[in-house]
Amino acid sequence: MSKVLLAEDDQTMVTLLTTLLRMEGFEVIALASVSDVPGAVLQHRPDNLLIDYHLGRQNGIEVVEAIRSNSANKNLNIVMASGLNVKDDCLSRGANHFILKPFMPDDLIKLLKK
């Protein structure tokens, strides 16, 4: 079973994504706080990280760069999501994939299974 760490500050999205991903057979770890995503990655060792571009007062890109700075995370599949088309920025700074909100559930599942 593939493990997904979910870093999203919108609780409605967290609930919806957790339900969807579990229905698709993923083990989901939804962070109660997005204050230490790099620490949660090291603690939980997920296969995938689904992270929002805007995390409250944090910038998701900076979080991804911090995660990528640790060589232990080189194989982590990072999918960034945003309502803004910031795909090029996300991919050039460490994300493996980008998905534009709102997205179709099947499109997300395909990215997490790559």
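**View 1. The largest nonpolar core and its best-connected residues.** In this predicted model, the largest nonpolar core holds 23 residues, and V37, L49, I51, I67, I78, M80 and C90 have the most contacts inside it. Five elements each put in at least two residues: β1 (3-7), α2 (37-44), β3 (48-52), α3 (60-68) and β6 (77-82). The largest share, four residues, comes from α3. V37 touches L5, A7, L31, L49, I51, L55, V63 and I67, leaving out residues up to four places away in sequence. A second, separate core of 17 residues includes V4, L20, L21 and L108. Some terms for this view: a nonpolar core is a set of buried Ala, Val, Leu, Ile, Met, Phe, Trp, Tyr and Cys residues joined through side-chain atoms within 4.5 Å. Buried means under 20% relative accessible area, exposed over 50%, and partly exposed in between (1.4 Å probe, protein chains only). Touching, or contact, means heavy atoms within 4.5 Å. Helices (H or I, at least four residues) and strands (E, at least two) are DSSP runs, numbered from the N terminus.

**View 2. Helix α1 from cap to exit.** The 13 residues of α1 (residues 11-23) should span 18 Å at 1.5 Å a residue, and the end C-alpha atoms are indeed 18 Å apart; the expected span is 1.5 Å times one less than the number of residues. At the N-terminal end, D10 acts as the cap, with a side-chain oxygen 2.9 Å from the backbone nitrogen of T12. After the helix comes G25, whose phi is positive, near 95°. V14, L17, T18, L20 and L21 are the buried residues to look for in α1. Their cover includes β1, β2 (27-30), β3 and α5 (105-113).

**View 3. Where α1 meets α5.** These two helices pack at an angle of about 65°, with axes 11 Å apart. Axes are lines fitted to C-alpha atoms, for helices over the stretch in contact, and angles run from 0 to 180 degrees between N-to-C directions. From α1 come L17, L20 and L21, and they meet P105, L108, I109 and L112 of α5.

**View 4. Two buried asparagines, N48 and N77.** N48 sits in strand β3 and is buried, at 2% relative accessible area. Its side chain makes a polar contact with the side chain of S2 (3.0 Å), while a polar atom of the N48 side chain lies 3.5 Å from the backbone oxygen of L112. A polar contact is a pair of N or O atoms within 3.5 Å; within protein, one must be able to donate a hydrogen and the other to accept it, and residues adjacent in sequence count only if both atoms are side-chain atoms. N77, in strand β6, is buried too, at 9% relative accessibility. The N77 side chain reaches the backbone oxygen of L111 at 3.1 Å. Among the residues that N77 touches are N48, H97 and L112.

**View 5. Backbone oddities at R45 and P102.** R45, in the loop between α2 and β3, has a positive phi of about 50° although it is not a glycine. R45 is partly exposed, at 41% relative accessibility. In the loop between β7 (97-100) and α5 you'll find P102, joined to K101 by a cis peptide bond with omega about -5°.

**Notes on all views.** Residues are numbered from 1 along each chain as its sequence is written, and side-chain values use heavy atoms, without hydrogens or water. Local features need pLDDT of at least 70, side-chain atom pairs count only at pLDDT 80 or more, and totals for chains, interfaces and linings use all residues.
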